[in-house]
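Hi everyone, thanks for making time this morning. I'd like to walk you through one chain, so please have the viewer open and follow along.

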Amino acid sequence: MVDVLVIPDGGAQPPRNGVPTAFEAAPTPVLDELAADGTVVRVATTPHGLPAGSETGISSLLGAPPRARVGRGWVDAAAYGVEVPDGMTPWRADLLYRSGKRASIRQARDACVHLGRGAHAVSGHRLVLVAAERPASIRLLGLHVLVWPGGAAPEGEVPVETLVVCARGAAAGLARLLGARVVVPAGATGDVDADLRAKAQAAIAALSGRAERVVVHVGGPDEAGHRREPEAVIAALARLDRELLAPLRDAVSALGGRLTVCPDHGTDPITGRHDPAPVPAVVWGAGVERAGPSRLSERSVRSVPAIAPEELLRAGSGAVAA
Ligand SMILES: [Zn+2]
């Protein structure tokens, strides 16, 4: 059976009194239809003790939940093809202004010239620093090189043949490291300007291939959340509904398959930080009963017991009490 999972990265938000979350505010007729007809659940995508983030949440949703903190450097090195010699470790670093504003790719390239061998400007403000020990965070050219904490390389393997449609970023790196195939369609930027119709087409094309599971990752909501732009998160979810979920729903329905929508974690658009709270999700399609709240939102699932991400595959068939 065709099984499609859509991950709106950082799409969930901590509910605040009197303020609708992006899931509550965004016009999402397709998501509303899936929620009304399918099973709405609450998913603990961030295992206890691990940091909320794509390294944790996407691994969990792919069916290979990490047991220890994942080093983002390993993920980005895999995503961008950075070679890591034996005995060395890739470290993720950001190039930022003092205000936290992100530097440009040009500034990142200049910084790498100064940092010397082992420094790679991989995308935008993102650097991968290959070194034996964790490099210090430093000031450079009036900017800050902020080195992320280390961690293990992702371990484990996706349990079923999986194809991931995504931008060249964390989702691609994790998918490769966990043994999934990766398709990066043209126009996949990892941000709010991504061509979501192209992602839908790539996913639909993959449905007739070998993959048992097709996963579509959408980075826009998380990026807008980090920029602390609540309206942009709402717009990103509305566009995801129109340009990605609508064609996927039709294709999955025609093939008698299942469609799941689940964020990898929350991102708070007020603080710009990730949120480890369990997220709302929906499973819809063949053999899925109507269960749980009839709308998908952080508040609607508040009293629903959280399930593990690997249970999502079984959710909706009566195996999970929702
Ligand atoms: Zn993020």
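Let me start with a small backbone question: which residue follows helix 3, and what is the sign of its phi? The residue is G63, and its phi is positive, near 100 degrees. Please keep in mind throughout that this is a predicted model.

While we're there, look at helix 3 itself, residues 54-62. Nine of its nine residues are buried, from S54, E55 and T56 through to L61 and L62. What covers them? The cover includes strand 1 (3-8), helix 4 (72-80), strand 8 (162-165), helix 6 and strand 10 (213-218).

Now let's zoom out to the whole chain. There are nine helices and 15 strands. The radius of gyration is 19 Å, and the globule rule gives 20 Å for 322 residues, so the chain is as compact as a globular protein of that length. For those of you setting up boxes, the C-alpha atoms fill roughly 55 × 45 × 35 Å along the principal axes. Buried residues account for 52% of the chain. If we take contacts between residues at least 6 apart in sequence, 69% of them join residues at least 24 apart.

The domain assignment splits the chain in two: domain 1 is 3-69 + 154-313, and domain 2 is 73-147. Their C-alpha centres are 28 Å apart. Where they touch, domain 1 contributes 10 residues and domain 2 contributes seven. On the domain 1 side, helix 6 (residues 170-177) gives the largest share, with six residues. That side is made up of five nonpolar, two polar and three charged residues.

Next, the sheet. Please find the open one with eight strands, in the order 9-8-10-1-11-14-2-15 and with mixed pairing. Strand 9 (181-183) and strand 15 (306-307) are at the edges, and each has a single partner strand, so one side of each has no neighbour in the sheet. As for strand 15, two bridges connect it to strand 2 (residues 39-43), and the two run parallel. If you want a residue pair to click on, V43 is opposite I307 in strand 15.

My last stop is helix 5, residues 105-115. Its buried residues are Q107, A108, A111, C112 and L115. Why do I say they share a side of the helix? They span an arc of only 140 degrees around the axis, which puts them on the same side of helix 5. As a reminder, an α-helix has 3.6 residues a turn, so residues three or four places apart point the same way. Turn to the other side of helix 5 and you'll see R106 and V113, which are exposed.

So what do the buried residues of helix 5 pack against? Five strands: strand 3 (89-96), strand 4 (119-123), strand 5 (126-131), strand 6 (138-140) and strand 7 (143-147). Just after the helix, G116 has a positive phi of about 85 degrees.

One more residue belongs in this part of the picture: L141, in the loop between strand 6 and strand 7. Is L141 buried or exposed? In fact it is partly exposed, with 13 other C-beta atoms within 10 Å. Leaving aside neighbours within four places in sequence, L141 is in contact with D110, A111 and H114. L141 and A111 are 30 residues apart in sequence, yet 7.4 Å apart in space, C-alpha to C-alpha.

That's my tour, and I'm happy to take questions.

Key:
Residues are numbered from 1 along each chain as its sequence is written. This is a predicted model: local features need pLDDT of at least 70, side-chain atom pairs count only at pLDDT 80 or more; totals for chains, interfaces and linings use all residues. A residue is buried if 20 or more other C-beta atoms lie within 10 Å of its own, exposed if 12 or fewer, and partly exposed in between; C-beta atoms are placed from the backbone. Helices (H or I, at least four residues) and strands (E, at least two) are DSSP runs, numbered from the N terminus. The arc is that of the directions from the helix axis to the C-beta atoms. Two residues are in contact if their C-beta atoms, placed from the backbone, lie within 7 Å. The radius of gyration is taken over C-alpha atoms; the globule rule is 2.2 Å times the number of residues to the power 0.38. Domain bounds come from an automatic or database domain assignment. Ala, Val, Leu, Ile, Met, Phe, Trp, Tyr, Cys and Pro count as nonpolar, Asp, Glu, Lys and Arg as charged, and the others, Gly among them, as polar. Two strands pair if DSSP finds at least two bridges between them.
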